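Me: I would like to go through a model and ask, for each label, what it rests on. Could you set each value against its cut-off before concluding?

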Amino acid sequence: MEAEICSKIKARVIKILNSADMDGMTEYKLSEKRRVTVQDFKGKTMVSIRGYYQKDGKHFPSSKGLLKKIK
């Protein structure tokens, strides 16, 4: 089952990367608690997959996640 979830997430991330606006920051919601962000930072394109938590009705990024530079 975990392999199936990973496969679905991978397919969604690839779809997001193919449609992302590389001129700014693009954020996509994978689920209620996970988001993918594609952004330019110091001339490099970065992809962040991060968990979010809710506090006082607002969503905040958690320390759990990963950040990768796209070549």
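The exchange below takes up the fold, a few single residues and a pocket.

Me: What kind of model is this, and which elements does the protein chain have?

Reply: This is a predicted model. The protein chain has 1 helix and 4 strands, and read along the sequence these follow the pattern α-β-β-β-β.

Me: What does the UniProt record say about residues 29-66, and what is the strand content there?

Reply: The record, an unreviewed entry, carries the annotation "domain: Transcriptional coactivator p15 (PC4) C-terminal" for residues 29-66. Over that stretch the chain is 79% strand and 0% helix, with 15 Å between the end C-alpha atoms.

Me: How much of the protein chain counts as buried, and how much of the accessible surface belongs to carbon and sulfur atoms?

Reply: Of the 71 residues, 23% count as buried, where buried means under 20% relative accessible area. The accessible surface comes to about 5,800 Å², and carbon and sulfur atoms account for 54% of that surface.

Me: Why is Tyr-28 called partly exposed?

Reply: The relative accessibility of Tyr-28 is 26%, and partly exposed covers what lies between the 20% limit for buried and the 50% limit for exposed; Tyr-28 therefore counts as partly exposed. Tyr-28 lies in strand E1, residues 26-29, and its C-alpha is 9.7 Å from that of Arg-12, a residue 16 places away in sequence.

Me: Why does Lys-42 count as exposed, and what is notable about its phi?

Reply: Exposed requires over 50% relative accessible area, and Lys-42 has 73% relative accessibility, so Lys-42 counts as exposed. Lys-42 is found in the loop between strand E2 (34-41) and E3, and has a positive phi of about 55 degrees although it is not a glycine.

Me: What makes Asp-56 an exposed residue, and where does Asp-56 lie?

Reply: With 74% relative accessibility set against the requirement of over 50%, Asp-56 counts as exposed. Asp-56 lies in the loop between E3 and E4, and its phi, near 55 degrees, is a positive value in a residue other than glycine.

Me: Why is Arg-34 partly exposed, and which residues is Arg-34 in contact with, leaving aside neighbours within four places in sequence?

Reply: Arg-34 has a relative accessible area of 43%, which falls between the limits of 20% and 50%, and is therefore partly exposed. Arg-34, placed in strand E2, is in contact with Tyr-28, Lys-29, Arg-50 and Gly-51 once those sequence neighbours are left aside, contact here meaning heavy atoms within 4.5 Å. The C-alpha atoms of Arg-34 and Tyr-52 are separated by 5.9 Å, although these residues are 18 apart along the chain.

Me: Which residues line the largest pocket, and how much space lies in it?

Reply: About 150 Å³ of space lies in the largest pocket. Its lining consists of Ile-9, Leu-30, Arg-34, Ile-49, Arg-50, Gly-51, Lys-64, Gly-65 and Leu-66, and strand E3 (44-55) and strand E4 (58-70) each supply at least two residues of that lining.

Me: How is the lining of the largest pocket divided into nonpolar, polar and charged residues?

Reply: The lining divides into 4 nonpolar, 2 polar and 3 charged residues. Because Ile and Leu count as nonpolar, Arg and Lys as charged, and Gly as polar, Gly-51 and Gly-65 belong to the polar part of the lining.

Conventions. Residues numbered from 1 in each chain as written. Predicted model: local features only at pLDDT ≥ 70, side-chain atom pairs only at ≥ 80, totals over all residues. Heavy atoms only, no water. Buried < 20%, exposed > 50% of the residue type's maximum accessible area, 1.4 Å probe, protein only. Areas by Shrake-Rupley, 256 points an atom, 1.4 Å probe, with all protein chains shown as cover. 1 Å grid on protein atoms, 1.4 Å probe; cavity = no way out; pocket = protein on both sides within 12 Å on 5 of 7 lines; lining within 4 Å. Points joined across faces, edges and corners; volume = space filled by probe spheres on them. UniProt positions renumbered as here; feature names shortened; annotations may be inferred.
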